Amino acid sequence: MKSKVFRPHIDDVERLSYGKGAKKRRGTGSRFVCHRLNKDERKLFDFAKDAGYLTVRGTGYRKARKGSPICNIFRQRCDALEGICIIIEKHKEQDNVVIDFSTLRVKDDTQFA
């Protein structure tokens with residue numbers, strides 16, 4: 001059965017994290033959502049790939065980029081691998097665990113339409 005739900009390709013997610021365009025599947029990434037990682041975020045991303053979860057200071061928001069590229073690209077990666085997206089936000093008083101189940105979509109969603 002061919003999948004009717006769009007998922008990004010893992011190679012495209014890697015390309016987006018370096019600021020390059022998607023090759024395999026058009027529609028992966030957006031010009032209006034930041035995806036390119038700086039060297040500090042690249043280290044966090046590589047650790048997160050091995051660990052299976054992402055840990056960020058605060059919400060990971062970067063004022064210069066007007067968004068959180070590390071969280072965006074990690075969620076894209078979890079979507080490509082069809083896994084749960086787990087992000088731990090470290091704050092001064094408490095830590096928040098953000099669990100995104102939307103990356104666990106069914107292959108054929110026509111029965112729910």
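**Cover, cut-offs and cysteines around helix H3**

Modeller: In H3, the residues that come out as buried are Pro-69, Ile-70, Cys-71, Ile-73, Phe-74, Gln-76, Arg-77, Cys-78, Asp-79 and Ala-80. Keep in mind that this is a predicted model.

Colleague: What makes H3 "mostly covered"?

Modeller: The count does: of the 12 residues in H3, 10 are buried. The elements that cover those buried residues include helix H1 (10-17), helix H2 (39-51), strand E1 (54-57) and strand E2 (85-90).

Colleague: How do you know that the span of H3 is close to the expected one?

Modeller: H3 takes in residues 69-80, and from the first C-alpha to the last it reaches 16 Å. At 1.5 Å a residue you'd expect 16 Å, so the span of H3 fits the expectation.

Colleague: Where does H3 lie relative to the strands?

Modeller: H3 lies across E1, E2 and E3, and it runs at about 160 degrees to E2. The whole protein has 3 helices and 3 strands, in the order α-α-β-α-β-β from the N terminus.

Colleague: Why are E1 and E3 called edge strands?

Modeller: The 3 strands make an open sheet, ordered E1-E2-E3, with mixed pairing. E1 and strand E3 (95-100) each pair on one side only, and that makes them the edge strands. On average, neighbouring strands here are turned by 20 degrees against each other, direction ignored.

Colleague: How do you know that E1 and E2 pair?

Modeller: Two strands pair if there are at least two bridges between them. E1 and E2 have 4 bridges, in the parallel sense, so they count as paired. If you want to see it in the structure, look for Leu-54 opposite Ile-87 in E2, and for Thr-55 opposite Ile-88 in E2.

Colleague: Which way do the side chains of E1 point?

Modeller: They alternate: Leu-54 and Val-56 point to one face and are buried, whereas Thr-55 and Arg-57 point to the other face and are not. That's the pattern of a regular strand, where side chains switch between the two faces of the sheet.

Colleague: Back to H3. Why does Cys-78 count as buried?

Modeller: The cut-off for buried is under 20% relative accessible area. Cys-78 has 7% relative accessibility, so it counts as buried.

Colleague: And why does Cys-85 count as buried?

Modeller: By the same kind of reasoning: Cys-85 has 1% relative accessibility, and therefore counts as buried.

Colleague: Why aren't Cys-85 and Cys-78 called a disulfide?

Modeller: A disulfide needs two cysteine sulfurs within 2.5 Å. The sulfur of Cys-85 is 4.2 Å from the closest cysteine sulfur, in Cys-78, which is too far for a bond. The structure holds 0 disulfides.

Colleague: What makes Glu-82 partly exposed rather than buried or exposed?

Modeller: Partly exposed is the band between the buried cut-off of 20% and the exposed cut-off of 50%. Glu-82 is at 41% relative accessibility, so it lands in that band. You'll find Glu-82 in the loop between H3 and E2. It takes a positive phi of about 60 degrees although it is not a glycine.

Colleague: Ser-68 lies in a loop as well, the one between E1 and H3. Why is Ser-68 called buried or exposed, whichever it is?

Modeller: Ser-68 has 12% relative accessibility, so it counts as buried. Setting aside neighbours within four places in sequence, Ser-68 is in contact with Cys-34, Thr-59, Gly-60 and Tyr-61.

Colleague: What about Ser-102, in the segment after E3? How accessible is Ser-102?

Modeller: Ser-102 sits at 33% relative accessibility, so it counts as partly exposed.

Colleague: How do you know that Ser-102 makes polar contacts with Arg-75 and Asp-100?

Modeller: The distance limit is 3.5 Å between N or O atoms. The side chains of Ser-102 and Arg-75 are joined by a contact of 2.7 Å, and those of Ser-102 and Asp-100 by one of 2.6 Å. Ser-102 can also be placed relative to Cys-78: they are 24 residues apart in sequence and 9.9 Å apart in space, C-alpha to C-alpha.

Colleague: And how many residues of the protein count as buried, as a percentage?

Modeller: Of its 113 residues, 32% do.

Key
Residues are numbered from 1 along each chain as its sequence is written. This is a predicted model: local features need pLDDT of at least 70, side-chain atom pairs count only at pLDDT 80 or more; totals for chains, interfaces and linings use all residues. Side-chain values use heavy atoms; hydrogens and water are left out. Helices (H or I, at least four residues) and strands (E, at least two) are DSSP runs, numbered from the N terminus. Buried means under 20% relative accessible area, exposed over 50%, partly exposed in between (1.4 Å probe, protein chains only). Contact means heavy atoms within 4.5 Å. Axes are lines fitted to C-alpha atoms, for helices over the stretch in contact, and angles run from 0 to 180 degrees between N-to-C directions. A polar contact is a pair of N or O atoms within 3.5 Å; within protein, one must be able to donate a hydrogen and the other to accept it, and residues adjacent in sequence count only if both atoms are side-chain atoms.
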